[in-house]
Amino acid sequence: MLRSFWSMLLAILLTFVVGGVANAQTYDDNDDSSVGGVMIDAKGLLSLASVDAMSRLEKARRDALEPIAKGLDRENDARKVSLRGINETILRCETAGEPIPDAVRYLGGLTAIEFVFIYPEQNDIVLVGPAEGWTVGPKGVIVGKKSGKPILLLQDLVEAMNAAAGRERPIFSVSIDPSAEGLERMSAYASSLGAARNPKAIAAGMEEALGDQIVKIEGVPRDSHFAYVMAAADYRMKQISMGATKSPLKSLPSFVSMMKSAAPSGALPRWWLAPNYETITRDQEGLSWNLKGGSVLTCTETEFLDRAQGAKGKPNEDFARWAEKMTENYDDLARVEPIFGQLRNCMDCAFVAAIIAQSNAYERVDYAFEAMRTNPRVCAKFENVPQFAPSVSVVARKSGAIMFVTGGVSMNPWPTVLASEKSPRLESMRSENQISGKSWWNN
């Protein structure tokens with residue numbers, strides 16, 4: 001079904017050989033909904049934020065930052081964060097009518113989650129990972145003071161936990177695709193063209209006929225920060241890959257500038273961002289878990305479908321070459337475009353949520369973490385939600401064939417969690433990572 005959908009669009013586009021055209025990006029200055037430099041207007045249309053808007057947002061967030069507690073402000077390779085401690089802190093704040101502290105909302109400064117320890121005897125789940133003090137980074141994103149990596153957010157973890165706790169095992173994903181009506185309009189437009197073809201006019205006409213593309217979100221609520229991150233990262237990948245906006249890294253050129261073949265073949269350029277963990281290990285009882293080597297992989301459409309369906313196809317060489325470049329440069333890109341770092345954090349959250357669900361952690365610790373999972377201040381909802389993205393056309397340099405930017409994000413943690421390997425050393429590590437005392441964190 002998916003292959004036939006894109007084949008239809010490909011059949012329309014390969015009819016044309018035209019000159020280049022760019023699609024202007026617009027946004028609503030009055031809308032303060034922003035994640036990683038991407039705005040959403042009242043109609044749900046994604047667009048880039050202006051420099052002025054980002055400067056105002058950065059200042060507002062910097063002014064609102066609370067002082068960081070002693071101990072949390074320094075780097076630590078293995079900071080321990082108690083989910084029960086966080087839950088009870090939120091409960092106390094709610095009872096006292098106080099705001100939730102920054103340190104809680106930023107998960108104690110974690111920049112990744114490497115271990116999950118379940119403690120039935122303490123009714124607790126403890127997360128362990130590298131952490132540091134935080135500040136406001138590029139485009140208003142909260143990042144580590146030294147590393148510049150985005151800090152994990154409690155709201156993203158809770159959204160993933162709530163989704164994974166249901167009867168179905170969710171796949172967290174976003175896809176930005178043309179509507180069926182748009183494809184019909186573009187096909188009709190293509191059929192109406194005569195022999196005289198003005199390249200710019202045709203490109204503009206095709207964009208107008210196709211209209212805004214549809215943002216499809218699965219796994220988490222559409223109005224959640226988690227969903228916004230996935231949509232914004234997908235949108236930025238599409239722009240960078242096709243040269244609709246200039247890449248911030250010299251080592252990551254646009255796909256169009258890298259093309260060697262005369263024209264695209266087999267499918268439209270389409271890439272997927274997916275999690276790539278070296279291994280996930282656990283102890284015999286499933287109370288200790290280690291997420292090793294978490295990174296983000298860029299897949300071609302063929303590779304993505306092969307991973308999902310267990311098949312083995314041959315991806316277009318040009319598409320695969322750019323996917324490799326994106327994967328190689330992902331960490332550097334995430335430092336200057338923090339939305340990609342936030343996406344990687346959401347992947348950690350998705351895997352932790354799957355581990356908690358798969359190990360029946362709530363039942364084993366006899367604690368539901370209700371305050372943090374139900375408090376509306378933890379998971380603030382966006383008034384403007386991602387629904388549409390503007391259609392952007394680019395033109396292959398050698399062939400002149402029109403291409404439309406496409407892409408997606410998909411996180412399916414379940415197969416990797418189910419295939420986890422046993423590691424005896426994790427049993428002793430669990431006893432070493434307990435959190436005692438009144439604090440919900442420990443270095």
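Two strands count as paired when DSSP finds at least two bridges between them. The model shown in every view is predicted.

**View 1. Ser 173 and Glu 218 face each other across the β9-β10 pair.** Ser 173 stands opposite Glu 218, a residue of β10. The two strands, β9 (residues 172-177) and β10 (residues 213-218), run antiparallel and are joined by five bridges. On β9, Phe 172 has a bridge partner in β18, namely Met 411. β18 covers residues 407-411 and pairs with β9 in the antiparallel sense, again over five bridges.

**View 2. A six-stranded open sheet holds β9 and β10.** Its order is β14-β11-β18-β9-β10-β15, and the pairing is mixed. β14 and β15 are the edge strands, each pairing on one side only. At the β15 end, two bridges join β10 to β15 (residues 388-389), and these strands run antiparallel. Ile 214 has Phe 388 of β15 as its bridge partner. In a regular strand, side chains alternate between the two faces of the sheet.

**View 3. A three-stranded open sheet has the order β1-β2-β3.** The pairing here is antiparallel. Its edges are β1 (34-35) and β3 (46-48), each of which pairs on one side only. β1 meets β2 (residues 38-40) over two antiparallel bridges. Val 35 has Val 38 of β2 as its bridge partner.

**View 4. The largest nonpolar core has 104 residues.** The residues with the most contacts inside this core are Leu 83, Ile 86, Phe 226, Met 230, Phe 340, Leu 343 and Met 411. Helix α13 (residues 339-358) gives the most to the core, with 13 residues. Apart from this core lies another, of eight residues, including Phe 115, Tyr 119, Val 126 and Leu 426. In soluble globular proteins, nonpolar side chains tend to be buried together.

**View 5. Ile 86 sits among partners from distant parts of the sequence.** Neighbours within four places in sequence are left aside here. Ile 86 then contacts Val 81, Val 104, Leu 107, Leu 154, Met 372 and Trp 440. Ile 86 is also among the residues with the most contacts inside the 104-residue core.

**View 6. Arg 344 is a buried residue of α13.** Its relative accessibility is 19%, so Arg 344 falls under the 20% limit for burial. Beyond its neighbours within four places in sequence, Arg 344 contacts Ala 112, Gly 294, Val 296 and Tyr 330.

**View 7. Helix α8 is largely enclosed by the rest of the structure.** All 18 of the 18 residues of α8 are buried, which is why the helix counts as enclosed. α8 spans residues 225-242. Its end C-alpha atoms are 26 Å apart, in agreement with the 26 Å expected for 18 residues at 1.5 Å a residue. Gly 243 follows α8, with a positive phi near 75°.

**View 8. Helix α11 is covered by several elements.** α11 (residues 317-328) has twelve residues. From first C-alpha to last, α11 reaches 16 Å, close to the 16 Å expected at 1.5 Å a residue. Asp 318, Phe 319, Ala 320, Trp 322, Ala 323 and Met 326 are its buried residues. The cover over them includes the helices α8, α9 (255-258), α12 (330-336) and α13. The strands β11 (271-276) and β14 (295-300) also contribute to this cover.

**View 9. Cys 346 and Cys 299 are buried cysteines.** The structure holds zero disulfides. Cys 346 is in no disulfide, and the nearest cysteine sulfur, that of Cys 349, is 5.9 Å away. A disulfide needs sulfur atoms within 2.5 Å, so this separation rules one out. Cys 346 has 0% relative accessibility and therefore counts as buried. Cys 299 is buried too, with a relative accessible area of 1%.

**View 10. The whole protein has 17 helices and 20 strands.** Of its 443 residues, 56% are buried. Among contacts with a separation of 6 or more, 78% join residues 24 or more positions apart. The protein exposes about 19,000 Å², and carbon and sulfur atoms supply 50% of that area.

Conventions
Residues numbered from 1 in each chain as written. Predicted model: local features only at pLDDT ≥ 70, side-chain atom pairs only at ≥ 80, totals over all residues. Heavy atoms only, no water. Helix = DSSP H or I, 4+ residues; strand = E, 2+ residues; numbered from the N terminus. Buried < 20%, exposed > 50% of the residue type's maximum accessible area, 1.4 Å probe, protein only. Core = buried A, V, L, I, M, F, W, Y, C linked by side-chain atoms within 4.5 Å. Contact = heavy atoms within 4.5 Å. Areas by Shrake-Rupley, 256 points an atom, 1.4 Å probe, with all protein chains shown as cover. Expected span 1.5 Å × (residues − 1).
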